[in-house]
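Welcome! Let us take a walk through this structure together, one part after another.

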Amino acid sequence: MTRAHGLVSGVVVALLLAAGGAVPAVADGSSRLYGAGGRFATYFPVIAKYNKSGETFRVEGVCRSACTLFLSIRNVCVDRKALVSFHAGPDRVTKKWNASSSSTKTMLAAYKPELRAYLLKGHHVDSARYHTLSGATLIDKFGYPECAPRTPPLPVRAER
């Protein structure tokens with residue numbers, strides 16, 4: 001982030017607060033910034049941080065591919081409206097996307113045994129094609145804990 005970009009961001013936040021608006025609460029503790037997937041190396045430090053701290057981590061919004069690794073966080077919760085998409089990972093050598101690749105095995109190891117069995121039995125991790133489950137399904141069918149509703153921030157009062 002450039003200094004100018006940081007300054008502009010700070011000004012936008014200050015203006016939102018001064019106008020009585022809310023600052024979006026999407027930061028630590030949420031999958032929202034990671035939903036598109038990507039390299040495992042981006043996700044492992046976040047997982048380690050939350051497993052060490054014990055803080056709650058919310059899987060919410062759209063969570064695809066490597067984002068599903070967050071399901072391994074010991075204090076994870078899932079938003080009922082989340083959309084979580086699974087697929088096979090590519091094999092490092094053959095570059096083919098299949099259930100036996102090391103990247104697919106890494107993702108499968110992050111899930112509860114019931115979800116892992118479902119994905120394998122249904123052949124949902126045999127290719128790069130996404131298989132999407134709702135947060136409600138992860139909660140109701142696979143036993144992931146449901147996130148508590150977010151509490152809105154208290155309004156900021158100006159001192160008199």
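A good place to begin is the open sheet, made of three strands in the order β2-β4-β7, with mixed pairing. Please keep in mind along the way that this is a predicted model. As background, the strands of a sheet pair through backbone hydrogen bonds, and they can do this in a parallel or an antiparallel way. Look now at the two edges, where you will find β2 (62-64) and β7 (131-134). Each of these has a single partner strand, so one side of each is left without a neighbour in the sheet. Going from one strand to the next, the twist averages 20°.

Which strand is joined to β2 by three bridges? That is β4, residues 83-86, and β2 and β4 run parallel. If you would like a pair of residues to look for, try R64, whose bridge partner in β4 is S85. A helix packs on this sheet as well: α4, residues 113-121, touches β4 and β7. The direction of α4 makes about 145° with that of β7.

Next, turn to helix α2, which covers residues 40-53. At 1.5 Å a residue, its 14 residues should span 20 Å, and the end C-alpha atoms are indeed 20 Å apart, so the two values agree. Which residues of α2 are buried? They are Y43, V46, I47 and Y50. These four residues cover an arc of only 105° around the axis, which means that they lie on the same side of α2. The spacing along a helix helps to explain such a pattern: an α-helix has 3.6 residues a turn, so residues three or four places apart point the same way.

What helps to cover the buried residues of α2? Part of the cover is β1 (57-59). On the face turned away from the buried side, α2 carries the exposed residues A41 and K52. Just after the helix comes G54, with a positive phi of about 80°.

Finally, let us step back and view the whole chain. It contains five helices and seven strands, and from the N terminus on they follow the order α-α-β-β-β-β-β-β-α-α-β-α. Of its 160 residues, 33% count as buried. Among the contacts with a separation of 6 or more, 55% are between residues 24 or more positions apart. The accessible surface of the chain is about 10,100 Å², and carbon and sulfur atoms account for 59% of that surface.

Technical notes:
Residues are numbered from 1 along each chain as its sequence is written. This is a predicted model: local features need pLDDT of at least 70, side-chain atom pairs count only at pLDDT 80 or more; totals for chains, interfaces and linings use all residues. Side-chain values use heavy atoms; hydrogens and water are left out. Buried means under 20% relative accessible area, exposed over 50%, partly exposed in between (1.4 Å probe, protein chains only). Contact means heavy atoms within 4.5 Å. Accessible areas come from the Shrake-Rupley method with a 1.4 Å probe; for residues, only the protein chains shown count as cover. Two strands pair if DSSP finds at least two bridges between them. Axes are lines fitted to C-alpha atoms, for helices over the stretch in contact, and angles run from 0 to 180 degrees between N-to-C directions. The expected span of a helix is 1.5 Å times one less than its number of residues. The arc is that of the directions from the helix axis to the C-beta atoms.
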